[in-house]
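Work through the exercises below with the model open. Each task is followed by its solution.

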Amino acid sequence: MALVHSGEAPSSVPQAKAMPIVAFDRRELMLILSVYGRKVASGEWRDYAMDFLRERAVFSIYARVSERPLFIVEKSPKLRNRQGQYSVTNQQGRILKRGHDLSQVLRVLDPQLAVVG
């Protein structure tokens, strides 16, 4: 019987592996929150939710407390080499824009107004 702590876990206790999750990095989150902030300031949007899952990260945008989000910004690294890992989906589930560059994909939510002369 050893009375000294060795600093190592006993070999009989199995080590639980942490499941990897997908998340937005700081740059991605700043891009999303800048669009979100402009829409909140204009009174169009009121709430959001973030979910970090094994295969995708989701930022859901709500106009009011409701069952379904108005828009969903999704990051799926599995699609990185195909259509692009970022997508924006509307309330009906239709993909509005998909691509490799998040700032380009987010333009569907906050289009730049142009003066037509």
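Buried means under 20% relative accessible area, exposed means over 50%, and partly exposed lies in between. The model is predicted.

**Exercise 1. Classify Ile-21 and place it on the surface: is Ile-21 buried or exposed?**

Step 1. Take the relative accessible area of Ile-21, which is 54%. The cut-off for exposed is over 50%. Therefore Ile-21 is exposed.

Step 2. Locate Ile-21 in the chain. The residue lies in the segment before helix 1 (26-41).

Step 3. Find its patch. Ile-21, Leu-33, Tyr-48, Met-50 and Phe-52 form a nonpolar surface patch, together offering about 420 Å² of accessible area.

Step 4. Ask which element gives the largest share of the patch. Strand 1 (residues 47-52) does, with 3 residues.

**Exercise 2. Describe the surroundings of strand 4 (residues 86-90).**

Step 1. Check burial. 5 of the 5 residues are buried, so strand 4 is largely enclosed by the rest of the structure.

Step 2. Sort the side chains. Tyr-86, Val-88 and Asn-90 point one way, while Ser-87 and Thr-89 point the other way. All are buried.

Step 3. Look at one neighbour. Strand 3 (residues 71-75) runs antiparallel to strand 4 and is joined to it by 5 bridges. Phe-71 has Asn-90 as its bridge partner.

Step 4. Look at the other pairing. Strand 5 (residues 95-99) is also antiparallel to strand 4, over 4 bridges. Here Ser-87 stands opposite Arg-98.

Step 5. Inspect the hairpin of strand 4 and strand 5. There are 4 residues between the strands, and Gly-93 takes a positive phi near 95°.

**Exercise 3. Trace the aromatic contacts of Tyr-48, starting from its pair with Tyr-36.**

Step 1. Count the pairs. The structure holds 6 aromatic pairs.

Step 2. Classify Tyr-36 and Tyr-48. Their ring centres are 5.1 Å apart and their planes stand at 75°, so the pair is edge-to-face. The pair links helix 1, which holds Tyr-36, to strand 1, which holds Tyr-48, 12 residues apart.

Step 3. Compare exposure. Tyr-36 has 10% relative accessibility and counts as buried. Tyr-48, at 37%, counts as partly exposed.

Step 4. Classify Tyr-48 and Phe-59. Their centres are 5.0 Å apart and their planes at 10°, so this pair is stacked. Tyr-48 is in strand 1 and Phe-59 in strand 2 (residues 57-62), so the pair ties together parts 11 residues apart in sequence. Phe-59 is buried, at 0% relative accessibility.

Step 5. Extend the view. Ring pairs link Tyr-36, Trp-45, Tyr-48, Phe-59 and Phe-71 into a cluster. The charged end of Lys-39 sits over the ring of Trp-45, 5.9 Å from its centre.

**Exercise 4. Set out the salt bridges of Lys-75, Arg-38 and Lys-78.**

Step 1. Get the total. The count comes to 5 salt bridges.

Step 2. Take Lys-75. Its partner is Glu-28, with the closest N and O atoms 3.0 Å apart. Lys-75 lies in strand 3 and Glu-28 in helix 1, so the pair ties together parts 47 residues apart in sequence. Lys-75 is buried at 10%, and Glu-28 is buried at 2%.

Step 3. Take Arg-38. Its partner is Asp-110, with the closest N and O atoms 2.6 Å apart. Arg-38 is partly exposed at 44%, whereas Asp-110 is buried at 18%.

Step 4. Take Lys-78. Its partner is Glu-55, at 3.3 Å between the closest N and O atoms. Lys-78 is exposed at 57%, whereas Glu-55 is partly exposed at 47%.

Conventions: Residues numbered from 1 in each chain as written. Predicted model: local features only at pLDDT ≥ 70, side-chain atom pairs only at ≥ 80, totals over all residues. Heavy atoms only, no water. Patch = residues over 30% accessible without salt bridge, like charges linked within 9 Å, V, L, I, M, F, W, Y side chains within 5 Å. Areas by Shrake-Rupley, 256 points an atom, 1.4 Å probe, with all protein chains shown as cover. Salt bridge = Lys/Arg side-chain N within 4 Å of Asp/Glu carboxyl O. Helix = DSSP H or I, 4+ residues; strand = E, 2+ residues; numbered from the N terminus. Buried < 20%, exposed > 50% of the residue type's maximum accessible area, 1.4 Å probe, protein only. Pairing = 2+ DSSP bridges. Phe/Tyr/Trp six-rings, centres within 6.5 Å; stacked < 30°, edge-to-face > 60°. Lys NZ or Arg CZ within 6 Å of the ring centre and 35° of its normal.
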